[in-house]
Amino acid sequence: MKIEFNTASLCLKGVAVFFITFLCIESTLGQGFSLHTYYSPQEYGSHVQNWTAAKDTNGFIYIGNGSGLITFNGVEWEGTHIGETGRGNSIFTSSTGKIYASGSTDFGYLAPDSTSSFSYESISQKFYSEEERVPGQFETYEQGGSLFFRHSWGINKYDGQNLTKFGIDKGILGHSARMADSILIGAPRGIVSFSLDREGSFNFKKGSEIFAGKHVWIANNYKPGHVLFGDWGNLLIDYDGSSFRPFITEVDGYLREHRIYDFEVISDSVYAIATLSGGVVFINEKGELLKMFTEKNGLATNQVYDLYFDEEKILWLGLQKGIQKLLLDETLIIYNESSGLNDIVTGFAFNAQKVFVNTTFGLFRGEVIQPERTMEFTEVDTPESIVHVFSWKNLFYALSSNGLYKIDEEGSFEKLINDPYLIKVKSKYETDRISFVNQTHLIHFDGSRFEKLSLPDIHTPGDALLTGDSLFVLNPSTGLQLVVNGTVTSIPFGTNEEAINLYNEIDSINNDIYVAVEGDDVEISFYKFEREVSFMSNEHFLSKIPEFNSNQVVTFQQCSDSEIWFIGGLRIVRIFKEAKEWKLDESSFGLLNGGSASEIINTINCESNGVWFGGTIGLFHLKEPDFNYDTDFKTNITGIYINRDSLIYGGFGEPQQPIILPYANNELRFSYAAASYVAPDRNQYQVKLEGFDSDWSTWTSETQKDYTNIPEGEYMFRVRSKNVYDVAGIADAIPFEILPPWYRTWWAYLLYTFTIAGILYLAYKIRINQILRVQRIRNNIASDLHDEVSATLSSISYFAEAIKSDKVKKDKNRFVNLIANSADDAKEKITDIVWAINPEHDDWPAFLSKCRRFTSDLLESKEMEYSLKIDEFIPGKLDMQLRQHLWLIFKEMVTNAVRHSKATQLDVIMKYEEGELKLVVQDNGEGMDVDSVRKGNGLVNIHKRAEQIDGEISLKTSEGFGTRWMLKVPL
């Protein structure tokens, strides 16, 4: 949007308007300012003085401060030192995007640290020794890939590797300005130039003697081929490359009194001048005063050190005490506390020269103040409380609870009529008279006399509309009544009239009558009067716009055949017709939508110069509702934190290394900010963590997002924004990776594979061993049956054959007895085998008890003396194989001693010693010659079974000395 100014002296010349309320100062209200915001030193957390400002490629604001450098990302302020001490003198963004900063004793650049937070890296410390005094750098320029730092005694050239120093012995240099082929510098005896083509060449500019002895504070390439210089004596001087000529303004006296200090180009025809004690002065290209921004109309302090105009058309002011921003490229003008309006605006009225504003505090009159040429409001003494103010035929009128007053040019009140509780009746067709109504009368006034008409019994009116002979009276609580020729009719509202809580306003739109209502269950809070059936319907052209649906409309006004404004709750809605279709807009004037209960608009007034709004924070003038915001701005991820407090990424540039986090650090906080500074607290954000979130979040003003228990994997965090005008910013994204926990790493899975394979193999081996063990048991059982029972059964078979044989005639009973004995023997052996393999007997106490019982029963039946020394308990495991072999060995030893030794005494010892089971069976019988005795199955089986249980067995025997068996089995 092109920015232009107009002044009183140019009114008849037709110069375009910039920040003025009407066309000319003499015939209008005066100029105002758009939104401005003050940041105190306590808010940004640094020194009170601010000297320079710039932006980087991300849109961050950098301000040279009395303590160094401070940065604003739209949400937070952050500071850093330039060297050890000293204020920030200059800030420069190079073509590569690097930020160079200069202080009073150091100069260098900003570089990301290990967490991508910005830190200062000194250049001067590399090229100046500790003994040398580092000159304070005032400005920085770039050409041909090299940087030129201008300081008090010359210029330093830095090509990224080397620093070349160019000094001048003509005294201390002042401020400077860049031209096409040289840098012009203010010096004690005039202006000198530093040639960029012939480096090191300083030349005095002829004609610049007018600056001799002066401090040149301004040097600005304010238009092509021209440099504007300024000092405290000559004020502004234009240099066209060959000659110096005064740039005369109509505020030269003011500038000389308050001392110019900085100059900023706002547009081709608008300039801003900072002063040390008079605020900011706006002039046009002819030097004519446009207006001033001072402490009288909102400036925090008149001591202004720096001006910086950014691409959002925001003028940043570096002040003696803080920082202030002022919106310039904005058609919304605000009159609030800084203009003298310090209360809620409930109504206002205009004529060609003045404005009266009614507030909850009282009535105020607006008038132009000099030399600022802006509107200032002062309270007006009123005879009683005013409830409504309006203008008619260029005159002001006021309604109180007791009647109607006329207000003259001086603000004096004249009582015209005493009727109480009058309200002004709306009528778009009567121009020669105005009408008023209360509960008993309709009153017409033509400017000189009143006509009073009695009304039938009606409700107390809150609003009224007159169309021809039809008077519509709206009561906030009871609804709408129609009065025609003395007849009163109540008009019903739709089918859910019981849901309506308040009837707010009645007015006409394109010859139709509409009523605004509100209610909790009202879908469309706007009703149209259907004349044919005297019925209020919510089916009309607005009901076809889904975005319009609301349960509250407080007030509305039609400004033209194709534009209607609505206020409801916290919303201001503009309905406009485009290509024969009605559309809704509430974004281009988003600054009016305060978004909170403390910032509410409650009244509208359409005028020839725009739309005016009154609300809780002042009076607003919207000159152009079709304002378009066309600036690109970035959304920046400003921080990533582990567990909400440990910073791993500071938002300055790309991460130094890929962000790869252990699983223990899977709780992250992301902070972000949009680099749109029109109303940064009104910026909205959406976020999405790709790989975790299924969709974008809802729009919110929150500037951080927490994630907990993020699974392992690769992610992309995205954030996008929109500003107060509902314009989308450039989105930002950052990838990161969460590593799996150790038990879900590849080597853990490899370990799991080997472990599972080992377990399966072990299970396989155990199963095989079980099968083999069962097989061995079967083999052992078969072997035992073969060894122990087979011979006995064979004997029975032989004895049976002998009985059947005819050869045996005698002693058949003997063979029968032998068969019976053999059968008993076989039965006993089978019983022993079955007992030995029964798992219920897998314990030592049962086994030891069986040994005692068997020995005592056998020996007592043979009437032999014996001794048993068998332990009550033996530790260790007694499995089936050990029990079987041990039992059969034990039984064989005892049985052989009883049957074959001819002993009279038998001793049995079974005890546990040093991890071994020790079994001793000893008799006092005849003994035997082992070598001469035929080895039967019993002796062989004892040795064989001892081997199978890893036992160590020994036999000591001889004829005449008895037999002694000893078995040792490891447990």
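This report looks at two groups of strands in a predicted model.

Let's begin with strands E34, E35 and E36. Strand E34 covers residues 386-392, and a hairpin links it to E35 with 2 residues between the two strands. In that turn sits Lys393, which has a positive phi of about 55°. Across the E34 and E35 pairing, Phe390 has Tyr397 as its bridge partner in E35. A hairpin with 2 residues between its strands also connects E35 and E36. Here Ser400 stands opposite Gly403 in E36.

How many residues of strand E35 are buried? The count is 5 of the 6 residues, so strand E35 (residues 395-400) is largely enclosed by the rest of the structure. "Buried" means a relative accessible area under 20%.

Now on to the other group, an open sheet of 4 strands in the order E50-E51-E52-E53, with antiparallel pairing. Which strands form the edges? They are E50 (555-560) and E53 (581-585), each pairing on one side only. On average, neighbouring strands of this sheet are turned by 20° against each other, direction ignored. Strand E52 spans residues 571-578, and Lys577 has Trp582 in E53 as its bridge partner.

The table lists some strand pairs from both groups.

| Strand pair | Sense | Bridges |
|---|---|---|
| E34 and E35 | antiparallel | 6 bridges |
| E35 and E36 | antiparallel | 5 bridges |
| E52 and E53 | antiparallel | 5 bridges |

As general background, strands of a sheet pair through backbone hydrogen bonds, either parallel or antiparallel.

Methods. Residues numbered from 1 in each chain as written. Predicted model: local features only at pLDDT ≥ 70, side-chain atom pairs only at ≥ 80, totals over all residues. Heavy atoms only, no water. Pairing = 2+ DSSP bridges. Axes fitted to C-alpha atoms, helices over the stretch in contact; angles between N-to-C directions. Buried < 20%, exposed > 50% of the residue type's maximum accessible area, 1.4 Å probe, protein only.
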